[in-house]
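Trainee: I am new to reading protein models, and I would like a close look at one part of this one. Please take me through its charged pairs, and then show me what lies around them.

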Amino acid sequence: SGIRNKDPWVQLAGHKDNFLPGMGQSTICKKASEMERAALEALTNDPLKHFVPLYYQEVEMGSNGEVYLEMQDLLAKFEHPCVMDIKMGIRTFLETEVKQKDL
């Protein structure tokens, strides 16, 4: 069917150690960033809210009490999820920095 229960949790995307399994079912925790927290909170009442994970709360996790943002795990119900990491916004490199390969 392609749908499964969330067990076990596997980090499929993002920087290593930036994500942890969430406190609730079908949630993940991402290391907190004030800018991302503010954006997720603003999106809760925005027409774009259907295109981003639901944001639940800030939580302290781990032995050092780091702050994480708990949000909906959009991949929780899929058995074999495929992830494409798309960057949008300002380019962070110059055309001269790109090496052309002969085809």
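Mentor: Here is a walk through the salt bridges, followed by the strands, the core and a surface patch.

Before we start, keep in mind that this is a predicted model, in which local features need pLDDT of at least 70, side-chain atom pairs count only at pLDDT 80 or more, and totals for chains, interfaces and linings use all residues. Residues are numbered from 1 along each chain as its sequence is written, and side-chain values use heavy atoms, with hydrogens and water left out.

Side chains of opposite charge can pair when their charged atoms come close. A salt bridge here is a side-chain nitrogen of Lys or Arg within 4 Å of a carboxyl oxygen of Asp or Glu. Searching the whole structure gives 5 of them.

Let us begin in helix H1, which covers residues 34–43. Helices (H or I, at least four residues) and strands (E, at least two) are DSSP runs, numbered from the N terminus. Within H1, Glu 34 and Arg 37 sit 3 residues apart, about one turn of the helix. Their closest N and O atoms are 2.2 Å apart, and the two residues form a salt bridge. How accessible are these partners? Buried means under 20% relative accessible area, exposed over 50%, and partly exposed in between (1.4 Å probe, protein chains only). Arg 37 is buried, because its relative accessible area is 15%, whereas Glu 34 is exposed at 53%. The pair also belongs to one network, in which salt bridges with shared partners join Glu 34, Arg 37, Glu 41 and Glu 58.

Next come two lysines. Lys 30 meets Glu 36 in a salt bridge of 3.0 Å, N to O. Lys 30 has a relative accessible area of 23%, so Lys 30 is partly exposed, and Glu 36 is also partly exposed, at 23%. Lys 31 has Glu 66 as its salt-bridge partner, with 3.7 Å between the closest N and O atoms. This pair links distant parts of the chain, since Lys 31 is in strand S2 (residues 27–31) and Glu 66 is in strand S4, 35 residues apart. Both ends are partly exposed: Glu 66 at 30% and Lys 31 at 29%.

Now follow S4 to its partner strand. Two strands pair if DSSP finds at least two bridges between them; S3 (residues 55–61) and S4 pair in the antiparallel sense over 6 bridges. Glu 58, a member of the network, has Leu 69 in S4 as its bridge partner. S3 and S4 make a hairpin with 4 residues between them, and Gly 62 in the turn has a positive phi of about 80°.

Leu 69 also takes us inside. A nonpolar core is a set of buried Ala, Val, Leu, Ile, Met, Phe, Trp, Tyr and Cys residues joined through side-chain atoms within 4.5 Å. The largest one has 6 residues: Phe 19, Ile 28, Leu 40, Tyr 55, Leu 69 and Met 71. Setting aside neighbours within four places in sequence, Leu 40 is in contact (heavy atoms within 4.5 Å) with Pro 53, Tyr 55, Leu 69 and Met 71.

Elsewhere, Leu 20 is in strand S1 (residues 19–21) and is partly exposed at 28%. Leu 20 lies 48 residues from Tyr 68 in sequence, yet the two are 8.6 Å apart in space, C-alpha to C-alpha.

Finally, in the segment after S4 (66–72) we find Met 88. With a relative accessible area of 78%, Met 88 is exposed.
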